[in-house]
Amino acid sequence: MTHNVIIIGAGFSGLSAAHTLCCDFKYKVLMLEARDRIGGCTDTFRTQTNYPVDMGMKFIDTAQNNANPNLLFALTKQMNIKTMNIDPNQSITYNSVGDPENLLDNIKVVEKIKATTMLIEEVKTTLGEKIKEHPEQHLPSLAHVLHYPNNQFPKPETPEFIVRESITAMITHHTGAPIQDVSVLELLKNNQVVHKNALIEGGMQQLIDALYQKTMQSQNLTVELNMPVSEIHHDPEDALPYAVTTNHKTFKAETIICTVPLGVLKEGNIQFYPPLSQDKQDAIQHLKPSLENTVVLEFKKPFWPKVPYIYIRNGEIHEYLNLDFLSKGKTATLVCHYYGEAAQFKNKTHKQIIEDALLPLKHVFKDKFQDPIQTHISRWDKDQYARGMGCYCTKASSALDLEKIRTPESYGLYFAGKHTEKQYLSTLPLGIYDAHQSGVRVALEIDAYLKNNQELSRIARRRFH
Ligand SMILES: Cc1cc2nc3c(=O)[nH]c(=O)nc-3n(C[C@H](O)[C@H](O)[C@H](O)COP(=O)(O)OP(=O)(O)OC[C@H]3O[C@@H](n4cnc5c(N)ncnc54)[C@H](O)[C@@H]3O)c2cc1C
């Protein structure tokens with residue numbers, strides 16, 4: 001069968017592109033996926049009580065207003081997928097000696113955002129003129145801002161220290177990036193985003209499966225699993241100008257959408273013939289993949305309070321999502337999330353990672369603490385088809401680099417994925433929005449490209465006959 005379009009990667013961006021191309025425009029699409037499953041950074045693990053735990057993406061934004069029609073949430077509703085709201089202000093924070101932290105309890109999320117904005121504005125005013133004169137030399141990192149004005153963090157356990165430590169944690173959790181590397185200026189453009197996170201009841205895989213089933217009904221989509229793409233060739237003389245090589249065989253099509261993550265593009269495991277434009281190669285080098293990893297700790301029974309989130313300040317801030325509370329007692333499980341540098345699990349053993357996740361719990365809950373009956377960890381950094389997730393702007397890059405990646409090559413090679421959209425740039429927890437948007441956007445571009453090509457070949461045929 002001949003295909004109009006080959007989509008490389010069956011993550012949320014690839015599936016969103018396939019859905020629009022197959023259902024709205026009736027193109028024949030072939031999707032090549034390296035893994036033995038669809039879904040990309042969605043992976044649902046089951047506890048011993050068969051409760052689903054998302055090891056990758058898990059939240060969806062349910063905020064809706066005129067400026068933000070929230071098409072993804074609408075899609076979730078249309079597919080009858082239930083969501084569960086979480087109020088982050090109900091959380092408990094324990095301090096470094098194991099007592100509940102009143103100060104942090106009083107600083108609600110919105111106030112933390114306001115405090116961050118004020119801090120950043122303060123630094124921008126000071127550095128403003130210098131930034132205007134030499135933007136490339138004076139783009140401050142987040143670490144710079146948080147250590148301002150004396151180039152050091154405030155004294156431990158002072159209120160200022162706690163506020164700045166908690167801002168650091170909040171921003172690291174948002175960006176999935178090391179603070180000494182994040183561009184504050186790009187972050188500033190994004191930190192006004194108001195969102196209301198909800199968990200998908202029954203796991204994120206449902207949303208993937210629903211989108212896949214809906215697209216399959218069009219009978220225009222073919223999916224080939226276990227097909228890691230290694231080469232993409234373009235031959236303008238060929239009627240089907242694209243040839244895509246995998247470990248098994250070569251496939252041909254009129255045009256290509258590449259949705260592999262930024263980390264995979266950076267490693268250069270896919271060879272492009274002709275090579276990608278220099279602008280795109282530079283942008284791929286400048287941006288960096290963000291990182292989040294998940295540690296599942298399943299216990300026989302809960303020994304912690306009934307709140308959705310528990311935070312423990314123990315040198316760094318550990319965050320535990322309480323599934324016992326959210327599942328209404330169906331599983332005594334805590335899910336510990338690691339972000340940025342702390343999520344670099346590559347060189348750590350399973351035992352070391354679990355010990356790190358358990359230590360703060362032992363410290364706070366002392367005699368009540370019990371060993372887990374089952375543990376499970378994600379390793380998105382080590383995963384050769386992920387190498388991290390999404391992307392953030394370093395001091396040496398800007399949102400322009402995302403535009404360079406998303407700009408198609410002149411010969412009709414298209415790109416989609418979280419790293420090609422900037423609406424939620426540096427906002428890891430809303431990555432699925434950018435992924436979805438990029439898929440729909442690229443499908444519209446491809447439709448215009450193919451229609452234009454058909455028109456050109458019609459004119460050419462008329463001229464020669
Ligand atoms: C732990 C974690 C938690 C997250 N939590 C959330 C959340 O709560 N909410 C949210 O909105 N976002 C969240 N995100 C971000 C979200 O998962 C991503 O933004 C989104 O999945 C990106 O989709 P994508 O299609 O761009 O990339 P991917 O999902 O990575 O899809 C790319 C696909 O390409 C395939 N591929 C790679 N190399 C090749 C190759 N050579 N040949 C063929 N196929 C290849 C991959 O296997 C993959 O299927 C989270 C991410 C992580 C890691």
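**Close-up views of a predicted model**

**View 1. A bridge between two neighbouring strands.** In strand β18, Leu 334 is the bridge partner of Asn 322. This pair belongs to a predicted model, as does everything in the views that follow. Asn 322 lies in strand β17, which spans residues 316-322, and β18 covers residues 333-339. The two strands run antiparallel to each other and are joined over four bridges.

**View 2. The open sheet of six strands.** Step back from that bridge and you meet an open sheet ordered β7-β16-β17-β18-β15-β19, in which the pairing is mixed. Strands β7 (92-94) and β19 (374-377) stand at the edges; each has a single partner strand, so one side of each is left without a neighbour in the sheet. On average, neighbouring strands here are turned by 20° against each other, direction ignored. Helix α13 (residues 350-365) packs on this sheet and touches β7, β15 (292-298), β16 (309-314), β17, β18 and β19. The direction of α13 makes about 65° with that of β15.

**View 3. Helix α11 against helix α14.** Here α11 (residues 278-286) packs with α14 (residues 399-406) at an angle of about 135°, and their axes are 8 Å apart. The two helices are therefore oblique to each other, and α11 passes α14 in a left-handed crossing. From α11, look for Asp 279, Lys 280, Ala 283, Ile 284 and His 286; these meet Asp 401, Lys 404 and Ile 405 of α14. Sorted by class, the residues of this contact are three nonpolar, one polar and four charged.

**View 4. Strand β8 and two of its partners.** Strand β8 takes in residues 197-200 and pairs with β5 (residues 59-61) in the antiparallel sense, over three bridges. Within that pairing, Asn 197 of β8 has Asp 61 opposite. Strand β6 (residues 83-85) also pairs with β8 in the antiparallel sense, again over three bridges. To find your way along this second pairing, look for Met 84, which stands opposite Leu 199 in β8.

**View 5. The surroundings of the ligand.** The ligand is surrounded by 40 residues, and the closest are Gly 9, Gly 11, Gly 40, Gly 431 and Ile 432. Two or more residues of this shell come from each of α1 (12-24), β15, β20 (389-392) and α15 (431-464). You may recognise β15 from View 2, where it is one of the strands of the open sheet. By class, the shell holds 23 nonpolar, twelve polar and five charged residues.

Definitions and conventions. Residues numbered from 1 in each chain as written. Predicted model: local features only at pLDDT ≥ 70, side-chain atom pairs only at ≥ 80, totals over all residues. Pairing = 2+ DSSP bridges. Axes fitted to C-alpha atoms, helices over the stretch in contact; angles between N-to-C directions. Contact = placed C-beta atoms within 7 Å. Parallel < 35°, antiparallel > 145°, perpendicular 65-115°, else oblique. Left-handed = near helix turned anticlockwise from the far one by under 90°. Nonpolar A, V, L, I, M, F, W, Y, C, P; charged D, E, K, R; others polar. Near = placed C-beta within 6 Å.
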